[in-house]
Amino acid sequence: MTSASAPHVAEEPTTASSLDAPHVKVIVTLVEGADLGAALATVDRQVYGAIREVVVIGEANGELPSGVTRTATLEEAIASTGPEVEYLWILHSDARPRPDALSALVSEVERNEASLGGSKLLLAGTRDELESIGSATDVFGDPYSGLDEGEIDLQQYDVVREVAFVSSVSMLVRRDLAQGLRGLDDRMEPVAAGLDFSQRVRLAGGQVISVPSSEVYHQARCGERGRGWREQAGRLRAILKAYRLITLLWVVPFGLVVSVIDSLANLLLLRWRPAARHLASWLWNLWHLPSTIAERRRFRPVRAIGDEELFRFQARGSVTLREVGSEITDRILSVFDDDQALARGTKRLWSSPGIWGAALAGVAVIVGAWSIFFSGVPNTGFSFPFEPPSVGADRFFAGWNDSGLGSPDAVHPAVGVTSLVSFLWFGLEGAARTVATILFAVLAVIGMGRLAGRLGFRGPGRYLSGLVLLAGPGTALLVGSGSWMALGAAALLPWTVRSVFLHPTDRTRSWLTHAGLVLLWALILTAMSPVLGLVPLAVAVVWRLLGGSRSSVVLGLVSLVAGVVAAAFINDDRGWLLELDRRLGITASEWWPIAIAVAALPISLIEARTRRLGVLGAVLALGGLIALRIPFGGPGVEEAAALLASFGAAIVVAAALDDLSAEPRRLIAALGAVVILALSAGSLVNGRLGLPDGDDNDELGFASTLAGEGGPGRVLMISVDRSLLPGESRSGPGFWYRTVDGAGTTIDEVWMPESRSGDEALDSAVNRIASGAELRPGSLLAPFAIDWVVIVGAESPLQEILVSQLDLVPTPLLTGSEVYGNPAARPLASGDDGLLWARRGAGFGGAAGPGLMSILVNASDGWRPDPGSEDWHLTVSAADGSATFTGGGYLSYAPYAAAALFLAALALIGVGRARR
Amino acid sequence: MTKALFAVIVVALAVAALMLPVLPAPEPAPGAAVDLPAVAVCPVEEGGGRATTIAVASTQSGTGRVSAFVGGAMAGSVPFETGSGAITVPASDLAAVGVVTGLVELPGPEAAAASLMVGTDSVGHESCVRSAEPLTLLSGGDTTGDREFEIHLMNPYSGEATVDLTVRSESGIESASQLRGIAVPSRSSVIVDMDEVLPGRESLAVAIDVTSGSVTAAGRLLSSGGIAIWNAVSPGQDWFLPIPSGGVDRVYISTGVGDDVEYQLDLYGPEGLVEAFDQGMVPARGSVAVDVAAAATAEAVAFRVVSTQPVGVFLRHEGEDGLALTSGSTVTASRWLLPGAGMAGGSGRIVVLNAGLEDATATITAYGRETVVKGPPVRAGTVLEFASISDGASAYTVTGEGLLVPMWVTTTGTATSYAGGVPLIDE
């Protein structure tokens, strides 16, 4: 042991200045294994002249130097301090302060009118390695020093500043405050005790500062630098003592979740101790809960301010999760990143609260799409497989629309997108569809995050809002009915909207790039959901009306040019845009407007930036929900309104979760956002991103398997429940019906084109059959190449009627549906002398022959060669061995113009970047 | 100011989103009025000493077709064209042998068909059934002595059908497994041989429950060379039953319900209506046989059966002049078709009940080589019996101005048959 000299105490003042200086009582707390004599010697060497008294806490070995007294407890030492002492310097016996440490502390605490000051701690035995310069914490009390491991003191932090807490290794506290607070909590380890004491000082109205000019070398014998389970338990106790009940209501459950996630993550890293520490920490606090409650009661009269003052000095998110997340990423990246350049970047990455929202959203997407990973995308509702790329492209570029009984009308422009995706995925339509679907989910989350980022959000809600976009009020209903296109449109919407918002600081992007990006995104969005293509402009305009400045109405107008991709489709099938009867009839729950209002209303009352964004979201969401109830527009308008509602709700969530705090308006908004998230997440749990289960093509596989020589014809599907039929259906007498391709439905068949003469003839036949007047319904359906009649779902009056008929053969091929074979059905394409053709691409083909081929599709002049008609159906010459269709009219060039625009958009982006 | 404005916007939009009425879910067009095709299902037996002829009577012109179905296929089909009158199609033209299902596609709703089975000493005559019902009743048959009682389940349609038979005899509800889940394949018929399944039963009340598909049932009772065919009927609570003069044995009243059913038998005699000539209780899912011999006089009479729950009513005659069975009628009408009436030879009679409160004129028209019309008056609440008015007729019509119920009676000396008419319901 180093010999201890008597400390320099105030009874022996030496200078005039020391007479004026505030009197300080030094309280040395014993640390096991530390050399007390050496500690007292360093106290003795202090240049500060107004040390009044030196007290050692606890039972020390050996004699104490003269002038040094002993007290049993810290509380006793504080309580026994007289009013002549203004400050208490609490010092660990393993601390070795520099001679001017106390002087600096007193000087800065006085100058800043602080109540508590902490020294800069340097690790003893190192080359000035920093241990603490005062710390922030997260809301769970976990300390965040901001120091890198082994960081050397180069005076880079030498600024007196307010901090969340200072270590109890060396702290100077006002005597009166220490007495009011009854000192440090003796159940806590040093770091936790410092945190607890600092928090109480702050809540009592005091200021806590770090004084870097007061340097103390710390031998760190007092614990594992804050990493032991007792430290962890102490920190938990500290927040349990400090926070108000309303804060504890959400902090404790979240704290538990953090403990569980951290434990699991560490177990993944093959570390069991963190889990044990968490468990011990919670159990310890449970055990000491009565004393914690007693401490809270004792502290209540002293508390002067609310928890918000603590939040000011806290880091966002969870420090623990940030560290473990960073470590996991490091380990993954280290496989590819030898020099750890990326890994270093991840530390900053994980310090962003938004990234935790992204991680949670990512997990939700993986869970929400797990079934798709293994089983592919369901083929039911409005979700049909892609066609081969060449066939899809043929249909998109003014080819034959094969939906129902066929039509020269343009197909839905999404067929063009799907054929492009299939082409890019090497022509593997099934795989391309699966990849595209998962990509949609990822794009939706990232897109919302990026859009929210551009709108100025940084909180955890920016990525979580992507889940609301995927499964919010409208998307859930559309996707729940199987609308794969709606899923795609939802994913593309934030990217397109983002492209009409200019970056607040990055001015390097040229207008060419901006225009190219807008055009590119808008073309794909409009192809997936033509009416939704109006939304980017609408958002830009509403944003301006709300006083925003970064949206570009000009770029919004540029996005309208993309409407060319859907021009032919909308012109040919105006009912899709206008006919109310063709709507799906989706109705959002009344909880949605309530939840959106609960989240958005408090936001509208807070600071300007968030307020404007929140109200923008509310206007879009509620506007969409209102549009769903206005009796105007067909399924296209309904789809856009529903997706707009989800998009707006997603923005509201991003705004409400942007800045988590206990401020009542933000708290209410956050609660509303959580409700919206919970309502949305519900529809994702099916593992198919909300898409319904089933494979209609698999169920109707018998139509191909049992097809005759002429190949599969059509299947007439009937149900009283429209949602049970694939794609759009037509109204029959007391039921819905539609025909589908017996070879399997594809995405071009989702929407039914406008009714033509063949469709009217089929409608008459169906009506006659439904009246019961037809004894041979099979013969009546034969000219439509209907090989099978399938009645799906609940009992229909038609089932009763079909009991008493002669030529449709009930065949037990499906469970839950009635299947009737039609032996009388005519082949889809037949000619003289038994000549039979089959589908070939988007047309028909087979052996050449003399005479005419009767092709049972609606007649149209666009077919070659020698198109004609017989009743309602097509005849062509069989001489060429094939029949192909080319659409006419000026709008048949619109898809070509759209393709040219797409290439032009890519060129604009390229040129814009090159010029930059 | 901005805060307040924004808050007002949010609240106003939320209220609008909540208060605007939800658009009604799209509904399909209203269901079409059911207009079932005019068809009739007929029992056909060809061979075994008997031949069947299908007779079609029509008051309208048109085309039709008679087809026979056996073993899941169409055994034969004969198209026909008729004006206002009657045509006949021998079953032998359909190339069918054995007991098969006949389906007549009628020219329209103003037409009817009947089966006429004629053997050396037997005549069976019954109208074909226009519509299949899910539950029908059949009573009047027995399996005592040398009698053969068969139930002919006919399914001419393309879907398989399944039938449960609930049979109550004097022993109670019969539990033979052959009576449950009887599959009647499409375009086929099934004969349930009751004398094999339930031999020695004096009283058999059969409820035919079609659990899936479409099946029409008829009874066939053979005794000492005689044959009777009669249709299973849909239950009703008000029945009319004309009785020809002389020799009626019994009226059978059966029910398919699970409770005892009260009935009352009113007699239309020469003196007019005698209410509550007989009354009693039909046991649950069983039948009662009412001996009406006391009421049978030298003149024709009729009964009206009223019950508290739906029942089926049948008339059985058995004597030296043969065996006859037929079912009653639940409707009265001013126009009736009697297809096949007069075809069997022997002496024929029409028995016509006027169940109304006013006298009626009944115009009787015979369709055959020549059409003869006769129009006798029928007093209210009485029954009139006429001898056949034309030799070689193949159908009769009865038209009048009252609530009439006719029956055709064939007597050959060795055989007797009763056949109810087919009402033409006024629009």
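In this predicted model, the axes of helix H27 (residues 591-603) of chain A and helix H29 of chain A come within 10 Å and cross at roughly 50°. That crossing angle makes H27(A) oblique to H29(A), and the handedness with which H27(A) passes H29(A) is left-handed. On the H27(A) side, the contact uses Ile596(A), Ala599(A), Ala600(A) and Ile603(A), while H29(A) brings in Ala649(A), Val652(A), Ala655(A) and Ala656(A). Sort those by class and you get 8 nonpolar residues, no polar and no charged.

H29(A), which spans residues 635-656, also has helix H18 (residues 429-454) of chain A for company: their axes come within 11 Å and cross at roughly 60°. H18(A) and H29(A) are therefore oblique to each other. Here the crossing is right-handed. Met448(A), Leu451(A) and Ala452(A) of H18(A) meet Phe647(A), Ala650(A), Ile651(A) and Ala654(A) of H29(A). The class split for the H18(A) contact with H29(A) is 7 nonpolar, no polar and no charged.

Here are the two pairs side by side.

| Helix pair | Axes come within | Axes cross at roughly |
|---|---|---|
| H27(A) and H29(A) | 10 Å | 50° |
| H18(A) and H29(A) | 11 Å | 60° |

Just ahead of H27 in chain A sits a loop, running from helix H26 (574-578) to H27, and Ala588(A) is found in it. Is Ala588(A) buried or exposed? Ala588(A) has a relative accessible area of 12%, so it counts as buried, the cut-off being under 20%. Leaving aside residues up to four places away in sequence, Ala588(A) touches Pro473(A), Leu477(A), Leu625(A) and Arg629(A). For a sense of scale, Ala588(A) and Thr69(A) lie 519 residues apart in sequence, and their C-alpha atoms are 75 Å apart in space.

Two other helices of chain A are worth a look for their buried residues. In helix H25 (residues 564-572), these are Val565(A), Ala566(A), Ala568(A) and Phe569(A). They span an arc of only 145° around the axis, which puts them on the same side of H25(A). In helix H4 (residues 101-111), the buried set holds Ala101(A), Leu102(A), Ala104(A), Leu105(A), Val106(A), Glu108(A) and Val109(A). After H4(A) comes Glu113(A), with a positive phi near 50°.

Now for chain B. How many helices and strands does chain B have? There are 2 helices and 33 strands. Its C-alpha atoms fill a box of roughly 110 × 50 × 50 Å along the principal axes. Chain B has 427 residues, and 56% of them count as buried. If you take contacts in chain B between residues at least 6 apart in sequence, 78% join residues at least 24 apart.

Ala207(B) gives a local view of that chain, from its place in strand E15 (residues 205-212). With a relative accessible area of 9%, Ala207(B) is buried. Which residues does Ala207(B) touch, not counting those up to four places away in sequence? They are Leu135(B), Thr136(B), Leu137(B), Asp164(B), Leu165(B), Thr166(B) and Gly256(B). Val351(B), by contrast, is 144 residues from Ala207(B) in sequence, with a C-alpha to C-alpha separation of 29 Å.

Key:
Residues numbered from 1 in each chain as written. Chains lettered and ligands numbered in written order. Predicted model: local features only at pLDDT ≥ 70, side-chain atom pairs only at ≥ 80, totals over all residues. Heavy atoms only, no water. Buried < 20%, exposed > 50% of the residue type's maximum accessible area, 1.4 Å probe, protein only. Helix = DSSP H or I, 4+ residues; strand = E, 2+ residues; numbered from the N terminus. Arc of directions from axis to C-beta. Axes fitted to C-alpha atoms, helices over the stretch in contact; angles between N-to-C directions. Parallel < 35°, antiparallel > 145°, perpendicular 65-115°, else oblique. Left-handed = near helix turned anticlockwise from the far one by under 90°. Contact = heavy atoms within 4.5 Å. Nonpolar A, V, L, I, M, F, W, Y, C, P; charged D, E, K, R; others polar.
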